[in-house]
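Thanks for making room on the agenda. I will go through one chain, starting from a single residue in its interior and working outwards.

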Amino acid sequence: MLFRSTSGDFLKAREEIDSLLKENMGAKDVILERGDILEAAGASEDAVKHWKWFIKRLTQTRPRPPEFYEAMNRLLNNLEKVSGADRPQRLQEALGYARFLLNTDVSLPADLKPVFEQHVQKIEAEIRSEEHTSELQSPCNLVCRLLLE
């Protein structure tokens, strides 16, 4: 890690990382560090945007560098954490990325395949849970539960 904030001054850390990136846009370690800072600050939406941007840059290279798979893993982790009204959409998005990677990336390292398979399993379970919860909270089911009590 290039910069570790002990005081929690994430804004200063982000500014420092951004200035380093302006000097060298190919500095993968700086880009990874910026993602670390966004995640540590709890800025999930910003982290999602950051990892998508980084993945887009690395998608063009063949073979894909290890940082591509690390960024994809981090993107999936952040998409799984998103809450709010767009959570179902974000989970579907994460599931699509993970499945696409597993089904189409012939250069996916064998040791990383289980990592992305676990993402698929976890996301599918969360989607089922979300569907079940929304089903239980439907007006019809709420009335039925109130009548049963």
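**From one methionine outwards**

Leaving out residues up to four places away in sequence, M72 touches I55, Y97, L101 and F116. A word of caution before going on: this is a predicted model.

M72 is part of the largest nonpolar core, which has 27 residues. Together with W51, F54, F68, L75 and L101, M72 is among those with the most contacts inside that core. The elements giving two or more residues to it are α2, at 28-40, then α3, α4 at 66-81, α5 at 87-104 and α6 at 113-136. Which element gives the largest share? That is α4, with seven residues.

Now the chain as a whole. There are seven helices and zero strands, so the order of elements from the N terminus reads α-α-α-α-α-α-α. Of the 149 residues, 34% are buried. Take the contacts between residues at least 6 apart in sequence: 53% of them join residues at least 24 apart. The accessible surface comes to about 9200 Å², and carbon and sulfur atoms account for 54% of that.

Back to α4. This helix has 16 residues and spans 23 Å from its first C-alpha to its last, close to the 22 Å expected at 1.5 Å a residue. Its buried residues are F68, Y69, A71, M72, R74, L75, L76, N78, L79 and E80. Please note that R74, N78 and E80 are on that list along with the nonpolar residues.

Next, the aromatic rings. How many aromatic pairs does a search of the whole structure find? It finds two. One is W51 with F54, a tilted pair with 6.4 Å between the ring centres and 50° between the planes. W51 and F54 are three residues apart in helix α3, and therefore separated by about one helical turn. Buried or exposed? W51 is buried, at a relative accessible area of 0%, and F54 is buried as well, at 1%.

The other pair is F68 with Y69, and this one is edge-to-face: 5.1 Å centre to centre, with 90° between the planes. F68 has a relative accessible area of 3%, so it counts as buried. Y69 also counts as buried, at 3% relative accessibility. F68 has a further partner in R64, which lies over the face of the ring at 4.5 Å from its centre.

On to α2. It has 13 residues and reaches 18 Å from first C-alpha to last, close to the 18 Å expected at 1.5 Å a residue. The buried residues here are V30, I31, L32, E33, R34, G35, D36, I37 and L38. Charged side chains appear on this list too, among them E33, R34 and D36. After α2 comes G42, with a positive phi near 80°.

G35, one of the buried residues of α2, leads to a position in the next helix. D46 is in helix α3, residues 44-59. D46 and G35 are 11 residues apart in sequence and 8.7 Å apart in space, C-alpha to C-alpha. D46 has a relative accessible area of 30%, so it is classed as partly exposed.

Two more positions, both outside the buried set. The loop between α3 and α4 holds R62. At a relative accessible area of 58%, R62 is exposed, because the cut-off for exposed is over 50%. R62 and S107 are 45 residues apart in sequence, with 9.0 Å between their C-alpha atoms.

The last one is E130, in helix α6. Which residues is E130 in contact with, leaving aside its neighbours within four places in sequence? They are R87, P88 and L91. For E130 and L91, the separation is 39 residues in sequence and 9.8 Å in space, C-alpha to C-alpha. E130 is partly exposed, with a relative accessible area of 30%.

To come back to the start: M72, whose contacts include Y97 and F116, sits in α4 as one of its buried residues, and α4 is the element that gives the core its largest share. That is what I have for today.

How values were computed. Residues numbered from 1 in each chain as written. Predicted model: local features only at pLDDT ≥ 70, side-chain atom pairs only at ≥ 80, totals over all residues. Heavy atoms only, no water. Helix = DSSP H or I, 4+ residues; strand = E, 2+ residues; numbered from the N terminus. Buried < 20%, exposed > 50% of the residue type's maximum accessible area, 1.4 Å probe, protein only. Core = buried A, V, L, I, M, F, W, Y, C linked by side-chain atoms within 4.5 Å. Contact = heavy atoms within 4.5 Å. Areas by Shrake-Rupley, 256 points an atom, 1.4 Å probe, with all protein chains shown as cover. Expected span 1.5 Å × (residues − 1). Phe/Tyr/Trp six-rings, centres within 6.5 Å; stacked < 30°, edge-to-face > 60°. Lys NZ or Arg CZ within 6 Å of the ring centre and 35° of its normal.
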